[in-house]
Amino acid sequence: IHTVCYNQYESAYLTGYIGSLMSKTHKMGLIAAQEYPVMNNILFPYYEKGAKAAVAGTTVDFRVVGNWYDATKGAELADALYKNKVDVILPICGGAAQGVINSAVNNGMYINWFDNNGFDRAPGTVISSTTMEQVLMSEKVTTEFLNNQTPWGTAEMVGIKEGFVKFVDDDPNYIKTVPENIRNIMADLVQQIKTGALSIE
């Protein structure tokens, strides 16, 4: 067996960091479909870590939908967070995320997006997207296998440095929605991770 996983420590940290920079209340939220080891041990804590690194004292409220499809429940949870002064939310809840987005649009909150480019889901509301470059990874592991170069018996984690995790900074909606000074801060942060100058784990 050979396994590869994406460095979600980096993507969660960057997502929390820009969320905190864009927040006016410095109260943020993460709405998850359910609790599971990656959510509890990586996604939520490193989203919170990034938020606090950007602006000390930022809080992150964690809520759970209970499934991956209930958009109505997603909207209700987001509405409740808004009443608690939360103004930036990261939804990781599948189809329920559409309810979170609708609430954010209606209430003037911002949305962080995860795993793919989500800027077109709500232009002006979505402030960040991190992607996992799965097409590139599929090509890499397939080519290795065909060339009899698969490193069997190993596990590796790939991220920003290797080019398989990306903080999307070239989408027109990112450029339009996020002020230049914050985009510059994020570009510098990504570069620090890429060069190894900053280790977040």
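These questions and answers walk through a predicted model.

Reader: Which residues make the nonpolar surface patch of about 410 Å²?
Author: Patch members need over 30% relative accessible area. L146 clears that cut-off, because its relative accessibility is 67% and it counts as exposed. L146 belongs to helix α5, residues 134–146. The patch is made by F145, L146 and W152.

Reader: Is L81 buried or exposed?
Author: L81 sits in helix α3, residues 71–83. Buried means under 20% relative accessible area. The relative accessibility of L81 is 0%, so L81 counts as buried.

Reader: Which residues does L81 contact, leaving aside its neighbours within four places in sequence?
Author: G29 is one of them. L81 and G29 are 52 residues apart in sequence, yet 7.0 Å apart in space, C-alpha to C-alpha. D61 and R63 also touch L81, and D61 forms a salt bridge with R63. The full list is G29, I31, D61, R63, V86 and I89.

Reader: How far apart are the closest N and O atoms of D61 and R63?
Author: Side chains of opposite charge can pair when their charged atoms come close. D61 is partly exposed at 24% relative accessible area. R63 is partly exposed too, at 22%. Their salt bridge has its closest N and O atoms at 3.1 Å.

Reader: How many salt bridges does a search of the whole structure find?
Author: A pair counts when a side-chain nitrogen of Lys or Arg is within 4 Å of a carboxyl oxygen of Asp or Glu. D61 with R63 is one such pair. K166 with D170 is another, at 3.6 Å. The whole structure holds four.

Reader: Which parts does the salt bridge between E156 and K140 tie together?
Author: The closest N and O atoms of E156 and K140 are 3.6 Å apart. The pair ties together parts 16 residues apart in sequence, because E156 lies in strand β7 (residues 155–158) and K140 in helix α5. The parts joined are β7 and α5.

Reader: Are E156 and K140 buried or exposed?
Author: The class between buried and exposed runs from 20% to 50% relative accessible area. E156 has 27%, so E156 falls in that middle class. K140 has 25% and falls there as well. Both residues are partly exposed.

Reader: What is the relative accessible area of D170, the salt-bridge partner of K166?
Author: K166 and D170 have their closest N and O atoms 3.6 Å apart. K166 is partly exposed at 33%. D170 is also partly exposed, with a value of 49%.

Reader: Which residues do salt bridges with shared partners join into one network?
Author: E156 pairs with K140. Shared partners bring E144 into the network. The network joins K140, E144 and E156.

Reader: Which elements give two or more residues to the lining of the largest pocket?
Author: The largest pocket holds about 270 Å³ of space. It is lined by 14 residues, and the closest to its centre are W68, I92, G94, F114 and D115. The elements asked for are α2 (37–54) and β4 (88–92).

Reader: What is the phi of D115?
Author: Most residues other than glycine have a negative phi. D115 departs from that sign. D115 lies in the loop between β5 (110–113) and β6 (126–132), and is partly exposed at 29%. Its phi is positive, near 80 degrees.

Reader: Where is N148, which has a positive phi although it is not a glycine?
Author: The phi of N148 is about 55 degrees. N148 counts as exposed because its relative accessible area is 70%. Its place is the loop between α5 and β7.

Reader: How far apart in space are L21 and N147, C-alpha to C-alpha?
Author: L21 is in helix α1, residues 8–22. In sequence, L21 and N147 are 126 residues apart. In space, the distance is 46 Å.

Reader: Which residues does L21 contact, leaving aside its neighbours within four places in sequence?
Author: L21 is partly exposed, with a relative accessible area of 22%. Contact means heavy atoms within 4.5 Å. The residues that L21 contacts on that basis are A54, I182, I185 and M186.

How values were computed
Residues are numbered from 1 along each chain as its sequence is written. Side-chain values use heavy atoms; hydrogens and water are left out. Patches are made of residues with over 30% relative accessible area and no salt bridge: like charges are joined within 9 Å, nonpolar side chains (Val, Leu, Ile, Met, Phe, Trp, Tyr) within 5 Å. Accessible areas come from the Shrake-Rupley method with a 1.4 Å probe; for residues, only the protein chains shown count as cover. Helices (H or I, at least four residues) and strands (E, at least two) are DSSP runs, numbered from the N terminus. Buried means under 20% relative accessible area, exposed over 50%, partly exposed in between (1.4 Å probe, protein chains only). On a 1 Å grid over the protein atoms alone, a cavity is a set of points where a 1.4 Å probe fits but cannot get out, and a pocket is an open set with protein on both sides within 12 Å along at least five of seven lines; lining residues have an atom within 4 Å of a point. Grid points are joined across faces, edges and corners, and a volume is the space filled by probe spheres set on the points.
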